[in-house]
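Hello,

Here is the structure we talked about handing over. Please load it first, then read the notes below it.

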Amino acid sequence: MTEKALRLGTRRSKLAMAQSGHVADAVRQLTGRQVELVEITTYGDTSREHLAQIGGTGVFVVALREALLRGEVDFAVHSLKDLPTTEHPDLTLAAIPVREDPRDVLVARDGLAFAELPAGARVGTGSPRRMAQLNAYARSHGMTIETVPIRGNIDTRVGYVTKGELDAVVLAAAGLNRIGRSDVVTEFLSVDTVLPAPGQGALAIECTAANAGLAAALAELDDPFTRAAVTAERSLLAALEAGCSAPVGALADFLDDGQAVHEMRLRGVVGTTDGSSLVQLSTTGPVPTSHDEAMALGRELADEMLAKGAAGLMGERAL
């Protein structure tokens with residue numbers, strides 16, 4: 001008797017389907033079992049409100065998690081940056097595969113780079129984190145830009161530029177790479193200019209904690225370096241008590257001597273969305289060898305940032 005196909009829960013967007021398709025292929029190769037995609041509509045997909053108003057990016061995760069807990073799907077794939085930082089008691093983060101490019105990119109008219117945008121250029125993004133850093137960069141380089149809040153999938157956002165409604169939009173490189181649209185990028189933004197969202201470019205593969213056999217199989221797809229990096233980034237976010245809609249950027253990367261990776265650097269930024277005030281700090285230490293060490297690195301940097309006034313830059317915090 002053949003084993004039943006594994007059911008992989010995914011959002012219906014083109015990007016989510018592409019991400020889940022990659023994971024499904026990897027799980028098929030790993031387990032020899034069939035994997036079928038189960039499309040689930042989330043509140044975040046149907047609401048037209050701005051993400052910050054409907055509770056941040058966690059709105060994309062709830063419906064998938066409910067389907068897991070009800071047993072309608074066996075495992076789910078999320079963009080890691082959408083996952084709330086608090087762990088769910090009945091679910092396990094079975095694998096975080098090798099990370100895609102974590103950077104943000106500019107898609108601008110006439111092939112322009114950010115520094116070439118005309119005075120008063122209208123730049124679209126739904127992210128307070130991007131707004132804060134783009135506005136800060138513009139201020140420090142004598143540029144004037146207007147950041148415009150937008151929503152929608154990748155095609156919709158790129159369309160604002162091609163239709164001439166906006167001069168540029170800022171998107172995640174990983175999303176464009178995964179759906180084969182990186183040809184529209186006019187500039188990859190240096191992480192020295194814009195630090196990405198914590199966990200950006202990484203995927204999270206989640207199943208129920210009770211399904212130990214599946215969790216063990218999926219764990220083969222886990223990349224320990226990616227997991228250490230994103231754990232530190234998300235620990236920083238949690239310690240700043242910032243929801244997914246807060247203007248917090250973080251990136252952990254690895255420093256090597258050409259032979260072996262020997263240190264991890266964690267950078268964090270928080271700022272007001274108008275870019276008038278930023279707190280940006282970094283710390284470097286040995287590569288974490290455990291979850292607790294990675295968490296501690298994030299908390300330490302968050303404490304330093306709070307001591308420098310980070311809390312006052314995040315606006316009203318929902319309790």
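**Aromatic pairs**

F114 has a relative accessibility of 2%, so this residue counts as buried. Please keep in mind that the model is predicted.

The structure contains two aromatic pairs. In one of them, F114 partners Y137. The ring centres are 5.5 Å apart, the planes meet at 55°, and the pair is tilted. F114 sits in the loop between strand 5 (104–108) and strand 6 (121–124), while Y137 belongs to helix 4 (residues 128–140). The pair therefore ties together parts that lie 23 residues apart in sequence. Y137 is partly exposed, at 22% relative accessible area. The cut-off for buried is under 20%, so 22% does not qualify.

The other pair is F225 with F254. Their centres are 5.0 Å apart and their planes stand at 75°, so this pair is edge-to-face. F225 is in helix 8 (residues 224–239) and F254 is in strand 11 (residues 248–256). That links distant parts of the chain, 29 residues apart. Both rings belong to partly exposed residues: F225 has a relative accessible area of 40%, and F254 has 23%.

**Nonpolar cores**

Which residues touch the most other members of the largest nonpolar core? They are L236, L240, M264, L266, V270, L301 and M305, in a core of 18 residues. Several elements each supply at least two residues of this core: helix 8, strand 11, strand 12 (261–271), strand 13 (278–286) and helix 9 (291–307). Helix 8 and strand 11 also carry the F225 and F254 pair.

There is a second, separate core of 17 residues. Among its members are L6, V35, A95 and L218.

**Helix 1**

Helix 1 covers residues 14–31, which is 18 residues. At 1.5 Å a residue, the helix should span 26 Å. Its end C-alpha atoms are 25 Å apart, which agrees.

Which residues of helix 1 are buried? They are A16, A18, Q19, S20, G21, V23, A24 and V27. An α-helix has 3.6 residues a turn, so residues three or four places apart point the same way. The buried residues of helix 1 pack against strand 1 (6–10), strand 2 (35–39) and strand 3 (75–79). They also pack against helix 6 (173–178), strand 10 (203–208) and helix 7 (212–218).

G32 follows helix 1. Its phi is positive, near 75°.

Best regards

Methods: Residues numbered from 1 in each chain as written. Predicted model: local features only at pLDDT ≥ 70, side-chain atom pairs only at ≥ 80, totals over all residues. Heavy atoms only, no water. Helix = DSSP H or I, 4+ residues; strand = E, 2+ residues; numbered from the N terminus. Expected span 1.5 Å × (residues − 1). Buried < 20%, exposed > 50% of the residue type's maximum accessible area, 1.4 Å probe, protein only. Contact = heavy atoms within 4.5 Å. Phe/Tyr/Trp six-rings, centres within 6.5 Å; stacked < 30°, edge-to-face > 60°. Core = buried A, V, L, I, M, F, W, Y, C linked by side-chain atoms within 4.5 Å.
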